[in-house]
Amino acid sequence: MGLRITTWNVNGIRNPFSYQPWRENRTFQAMFDTLEADIVIMQETKIQRKDLQDDMVLVPGWDVYFSLPKYKKGYSGVAIYTRSSKCSPIRAEEGITGVLCPRNSATKYRDLPEGQRIGGYPKDGQISNALDEATIDSEGRCVILEFPAFVLIGVYTPATRDETRTEFREGFIDALDIRVRNLVAMGKQVVLCGDLNIVRSELDTAGLQERLRKEAMTLEDFLNTPPRRFLNQILFGGRVLGERDEEREEPVLWDICREFNPERRGMYTCWETKKNARPGNFGSRIDYVLCSSGIKGWFIDSNIQEGLLGSDHCPVYATLGDIVSKDGAQIHIADLMNPEDMFKDGQRQREWTTKDLLPMSAKLIPEFDRRQSIRDMFFKRTNSITQSSSAPSNANSQDGASPAEAIPSTANTDNLIRESSFSASQVFDAVPTAVSSSATPPRQNSVIPKRQAGPSASAARPQKKSKVSLSKENSAKAGSGSGGSGQRSLMGFFKPQTPIEETSLRKTANSPKNDPAPTKPYVTSSEVIDKGKPSPQEDDQIEGWPAESSKNSVDTPPSEKVFDPVQNKESWGKLLGKRILPKCEHGDECQVMVTKKAGINCGRSFYVCARPLGPSGDKEVGTEFRCRTFIWSSDWSGRQ
């Protein structure tokens, strides 16, 4: 199999893991293997620098390049993953205009030496929009990688949300058009992938006639919008009405997916989630894989993967053949997708190493540099602890040190181990042991042979005893201040601390005059420890509060009114019972929706058919798709 390029708007870099088949194995490596891709371009990652984690960056066998928004949080974002065994870029940049700077550098990409920059940057006066170049590249919408074969541009074009974004959208598209044309003019081949947020023609969207009718537009007006006009002028076979724009006289790119499926209808890549339009395939094609003329013949397949869920978009791929034609010669694609000395005639000459990482690689970010995964941190720590524990013991045995001198070194080692592997369960296990051991007289210190000075257990026991004895002294001081004997076991932590005086006074007030003296409310923890195993009566009193509450309940006089629980349940059920949903024309339960359109009905809820919209994009009669059922919630009062 050749080399596959896949583009996918994931609507959040972790969003696919909520769907099948990605939720079975929530790793990016498994995701890429399922996609069978060698280069993956993701749009709308919706993360910031602080959100990067090991599983995103340190993917085994993959390298990654991010472009993240500079100001907006959880917005936009583009990432390109490359499989190191198949391809390795020779240059990498962020942004379209070249005004950004590489990591840890103050030099702009466009000002780098000739051999370190990709080129094709917009020149002065080429961008007609008054938008600042730094603003165009401030939202993390473009990553550019250069391979010996071509320049790969991964892009996420702004969408048309409202009029306030029109200027930015058109300025971004203008800069993208200039950069692509400049690269082609330099003699470089270009592959443009991503979510362009542009419908190319009427073949690439559903319900166009209804949309034109609502917006009072003609098909010519639809095709002449600036974004759509840009796309049709840059593509071979694009439908351009009237004369071409200045400096856009010639097309430079091919729509690969459409070339392999020229007449296919319903080849949509995006669906509206709120309307549940994907099952009925009421969507649009706005995700593309485009390439320049020089490498069009290299592609052997291209299609959409509408069956893969995980976002409101679906993946789109294009596959390059194993052997391609360049300058009349047949060359393995691996020779053209890696540095010169890495492959020859399709055979690997040397392995990929970290020296092949480019400055923009996310693996060179300080928190991810010089390690492979989070597990290495613990493995290296364990090795260092083992070495540190063996070194002092060896030194002591050689110098003839006494056991007393060897104990501090092993205690330090124990502290390191305890910091990395101490658990809460060990704390609870240690307290009873320490309490019981305090009742027995201390053993006399025996002479420890030199060879036994290494184990850490000899240093750990005195340390635990000292901690427990310290806590006992503190608790004793606290107990003496309050008149009690102090907490001597964990049992005293969980039982209620009710003063004896208050309990006896309360019982005396509720009991007759000839009653005997008030009984002890419960057995304290100190008595349990002194007596050993408690009796059943004492055990019931320790564990419970039920015995105490039962005595109080007998003394409490009955209330005048008795509530029937069955009657109460029925009355509350009538008020808060489950609301019965109305049925649609299909006999199915309707779904609740809320009006968000401005007007007198804004905020009102209503019931409609829960089925997805059909291919017509409207409610239908007598079909399997959404019917015409519509009921205001205020007009429906059915309850279970």
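A residue counts as buried when its relative accessible area is under 20%, as exposed when that area is over 50%, and as partly exposed in between. The exercises below apply this to a predicted model.

**Exercise 1. Decide whether K46 and D345 are buried, partly exposed or exposed, and describe the backbone at each of them.**

Step 1. Begin with the location: K46 sits in the loop between β2 and α2, while D345 belongs to the loop between β17 (343-344) and β18 (347-348).

Step 2. Compare each value with the cut-offs. K46 has a relative accessibility of 33%, and therefore counts as partly exposed, because partly exposed covers the values between the two limits of 20% and 50%. D345 has a relative accessible area of 52% and is therefore exposed.

Step 3. Turn to the backbone angle phi. K46 is not a glycine, and yet its phi is positive, at about 55°; D345, also a residue other than glycine, has a positive phi near 55°.

**Exercise 2. Find which residues of helix α1 are buried, and work out how they are arranged around the helix axis.**

Step 1. Helix α1 covers residues 28-35, and its buried residues are F28, M31, F32 and L35.

Step 2. Look down the axis of α1: the buried residues fall within an arc of 95°, which means that they line one face of the helix.

Step 3. Ask what this set of residues packs against. The partners of the buried residues of α1 are the strands β1 (3-9), β2 (39-43), β3 (62-67) and β4 (78-83), together with the helix α2 (54-57).

Step 4. Examine what lies on either side of the helix. In the loop between β1 and α1 we find P21, and the peptide bond leading from Q20 to P21 is cis, with omega near 0°. After α1 comes E36, which has a positive phi near 55°.

**Exercise 3. Locate the residues that UniProt lists under "active site", and describe the surroundings of Y156 and D195.**

Step 1. According to UniProt, in an unreviewed entry, the feature "active site" is placed at Y156, D195 and H313. These positions are spread over 158 residues of sequence, but they cluster in space, with a largest C-alpha distance of 12.8 Å.

Step 2. Place two of them in the fold: Y156 lies in strand β7 (residues 151-156), and D195 lies in strand β8 (residues 190-195).

Step 3. Judge their accessibility. Y156 has a relative accessible area of 6% and is therefore buried, and D195, at 1% relative accessibility, is likewise buried.

Step 4. List contacts, leaving aside residues within four places in sequence. Y156 is in contact with several residues, including N9, Q43, E44 and D195, whereas the contacts of D195 include N9, Q43, Y156 and H313.

Step 5. Pick out the polar contacts between side chains: one of 3.5 Å links Y156 and E44, and one of 2.8 Å links D195 and N9.

**Exercise 4. Describe the setting of D177, and name the residue with which its side chain makes a polar contact.**

Step 1. D177 is part of helix α4 (residues 166-185), and with a relative accessible area of 3% it is buried.

Step 2. Apart from neighbours within four places in sequence, D177 contacts F230, I234 and R248.

Step 3. The side chain of R248 forms a polar contact of 3.2 Å with the side chain of D177.

How values were computed: Residues are numbered from 1 along each chain as its sequence is written. This is a predicted model: local features need pLDDT of at least 70, side-chain atom pairs count only at pLDDT 80 or more; totals for chains, interfaces and linings use all residues. Side-chain values use heavy atoms; hydrogens and water are left out. Helices (H or I, at least four residues) and strands (E, at least two) are DSSP runs, numbered from the N terminus. Buried means under 20% relative accessible area, exposed over 50%, partly exposed in between (1.4 Å probe, protein chains only). A polar contact is a pair of N or O atoms within 3.5 Å; within protein, one must be able to donate a hydrogen and the other to accept it, and residues adjacent in sequence count only if both atoms are side-chain atoms. Contact means heavy atoms within 4.5 Å. UniProt positions are given in the numbering used here, feature names are shortened, and annotations may be inferred rather than shown by experiment. The arc is that of the directions from the helix axis to the C-beta atoms.
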